[in-house]
Amino acid sequence: MEETNREAVATAVQRVAGMLQRSDQLDKVEQYRRREARKKASVEARLKAAIQSQLDGVRTGLSQLHNALGDVKDIQNSLADVSKDWRQSINTIENLKDVKDAVVQHSQLASAVENLKNIFSVPEIVADTQVLIEQAELLEAHRKLMDLECSRDDLMYEQYRMDSKNTHDMNLIRNYFGEVQGLSDDLAKQLWMVLQRAMGTVRRDPTMLVSVVRIIEREEKIDRRMLDRKKQTGFIPPGRPKSWKEKMFEVLEGTVTTRIEGSQSVTREADKMWMVRLLEITRKYVLDDLIVVKNLMVQCFPPHYNTFDRFFKLYHNAVSMRVQELAAEDLEANEIVSLLTWVLNTYKSEEMMGHPELLTEYDINLMDPLLPQEVVDELLSRYLQTFTSNITGWLRKALETDKKDWFKETEPEADQDGYYQTTLPAIVFQMFEQNLQVAAQINETFKEQVLKLCLKQMNSFLVRYREEAIAYKENHLRDRQLPQCYVQYMIAIINNCHTFKESINSLKKKYFKSTESTQNDAAIEKTLNDVAKDGCQFLLDEVFLDLEHHLNELLTRKWLTGTHAVDTICVTVEDYFNDFAKIKKPFNTEMTSEAHRRVVVEYIKAVMQKRITFKNADERREGADRMIKEAEQFKFLFRKLTAGEETDRLCDAIAAIAEVFKLTDPTLLYLEVSTLVSKYPDIREEHIVALLAMRGDASRDMKQMIMETLNQNKPTYAGITQPIFKDITIPTVTMTSMSSSMAATANKLLK
């Protein structure tokens, strides 16, 4: 108690401190006091009321317990009196056994008298009932049937009560009413026939369906009454329980199943689109029937039947069984897609089970899946296997068709920008697009699986594409006159690589949610680049095959005396590159750069092969001037081909070598060679030796001094973007002859 008081005081102090944090709040102390007093009074009043209510409840409870105790005592006394009277009357009851037997006999006779009219008119009633059944007067027929069954059952029950072991009399009654069971069976057949046609009956004559349901409900009540009497007496009439209600639901289930199974009007042999037609007919039947159930049939059945829910589940189960049967068949790829699209998307959409008229009656999310997940997975796996086989064949066929075009005598088509191309990329990606659109109808995950499979197959296809391009080049080299449009189709092959890249990126952007690269991206990118580079290389090889004769004239005596080899080289390169302008970027740019590099490298190779050795300073000057002039020609050509881009560095290598030849003072050779090496660090010792040998006036000591000095101060060329001399090799024979020539020249100078 003291602890509670302390906590209350602490809380009050904290609260007062919170109220009086500023000086201007002191003026409101009286106001705060009155407010807290009102709150305190209110709390106390509520507390008093609560305690008073509790006390009143306790008082009332004690009063009721007191009254209950009195009632219990009264009941106890009454039970004692009853027990006393019962003991006194035992003997009296035993003396009334004869009266009891008389009562039983009287009951039997009364039952016989009551049913006497029906007993004598059984044949007539049976005949009338049969006629009513045949005329479809089902309610009246059932009323007469119930009268007959009631008479039979009452007589058999009384006989059972009198002597349950007397089978003779029981059989006598059963045989006399033997035709009643046949009437019951005939009536049942009529009922089941009406239920089997329930969808049509409820539209034409719903009262007939209502009559059937009323009859079944009557029989259900009689069944329950007979079963209750069996529990008490052990007697059950023949043919009971009829369980017509249970049988009714079995008939309805069979009707629904038959309607779903009977929807297949065509086969695969008659119509390739049989699966689509079958599923569409099924969709229409199910939707129409369920709308009829909702709007008409529900009114014909008692509410506790949950008619719509029951029919909804019946149709769902029947459709599920049907699609599982379809899934087990040997389906083609397009049939698998049609089935899965219908099962996974159409079935729960607004076009079918999700229709607005049905949503108000049933939650489609409570339905079990039409197909188990393992069946769906197995179908998807079968589709992917078939698709893989099909797409491999499609790609092979597309490539074969494209290869035939390569040998045509007409140029390939050009796109709107004038670039050569073939129809191969369009055919391939139209094929991919169609299959991805189909896969997207199933679900996102499957769509991405198909896309990955397409990319995987694309990688294998591009490897074959590269092999065919190489074979195309080799076939051309056997006879360079054939194919007639070799250059144009090789350009188209290169451009196709660019189109393939764009199409792949477009497909990934459209059908692949993730921006991450797939495992095939790098391989596809590499293969496409390889195909394009191979194509560019093949075209350049074609150019340099035509230039070979003119390149061989460079740095020869004929060249020194005057030749048009470089003019011809420039004209030929420019002519080829007019065709190469139809190559898309960046391949066009890369090809121009490579052509530039190869021309310069071939020119320098001619220098290094010592096709000529200058005899004197005049020849060296004349040769150097010619080299500088031809370097300018190359610069002009490739500036033109590259639209003014920087092209000087490669051609300047020719001019730098020319400066080495042009130098008149041999003592300054070291400086000139050092300048050349500093500009082109990839130049090697054998290159310097070849240059000095071609110059023809370098002494052995000078050569040795130059080489030793350069080796001591050898620069690195790791960062050079376009090495020139790295790809230039000096033949062994040439090196030997150069060394011998230099030695002979040195000896002459020493003498």
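**Entry 1: α26 and α27**

I began with this pair and noted that α26 and α27 are oblique to each other. I should jot down straight away that I am working from a predicted model. The helices in question span residues 669–679 (α26) and 685–695 (α27), and I found their axes crossing at roughly 140° and coming within 12 Å. That angle falls short of the over-145 range that would count as roughly antiparallel, so oblique is the label I kept. For handedness, I wrote down a right-handed crossing of α26 past α27.

Next I looked up who touches whom. From α26 I listed L669, V673, L676 and V677, and from α27 I listed I688, L691, L692 and R695. Sorted by class, this contact has seven nonpolar residues, one charged and no polar.

**Entry 2: α12 and α14**

Then I turned to another helix pair. Helix α12 (residues 274–295) packs with helix α14 (residues 333–346) at an angle of about 20°, and their axes are 9 Å apart. I therefore logged α12 as roughly parallel to α14. Here, too, I noted a right-handed crossing, with α12 passing α14.

On the α12 side I found W274, M275, V276, L279, T282 and R283; they meet E335, S338, L339, W342 and T346 of α14. The class tally for this contact came to six nonpolar, three polar and two charged residues.

**Entry 3: aromatic pairs**

How many aromatic pairs does the structure hold? I got 24. I picked out Y157 with F235, a tilted pair with 5.8 Å centre to centre and 50° between the planes. Y157 sits in helix α6 (residues 138–162), while F235 is in the loop between α10 (206–233) and α11 (244–261), so this pair ties together parts that are 78 residues apart in sequence. Are these two buried or exposed? Y157 is buried at 14% relative accessible area, and F235 is buried as well, at 4%.

My second pick was F461 with F500. Their ring centres are 6.1 Å apart and the planes stand at 75°, so I filed the pair as edge-to-face. This pair links distant parts of the chain, 39 residues apart: F461 belongs to helix α18 (residues 444–478) and F500 to helix α19 (residues 486–511). I checked burial here too: F461 is buried at 0% relative accessibility, and F500 is buried with a relative accessible area of 0%.

**Entry 4: a ring cluster**

Last, I followed the ring pairs outward from F461 and F500. They belong to a cluster in which ring pairs also link W406, F407, F429, F432, Y465, Y472 and Y486.

Technical notes
Residues numbered from 1 in each chain as written. Predicted model: local features only at pLDDT ≥ 70, side-chain atom pairs only at ≥ 80, totals over all residues. Heavy atoms only, no water. Axes fitted to C-alpha atoms, helices over the stretch in contact; angles between N-to-C directions. Helix = DSSP H or I, 4+ residues; strand = E, 2+ residues; numbered from the N terminus. Parallel < 35°, antiparallel > 145°, perpendicular 65-115°, else oblique. Left-handed = near helix turned anticlockwise from the far one by under 90°. Contact = heavy atoms within 4.5 Å. Nonpolar A, V, L, I, M, F, W, Y, C, P; charged D, E, K, R; others polar. Phe/Tyr/Trp six-rings, centres within 6.5 Å; stacked < 30°, edge-to-face > 60°. Buried < 20%, exposed > 50% of the residue type's maximum accessible area, 1.4 Å probe, protein only.
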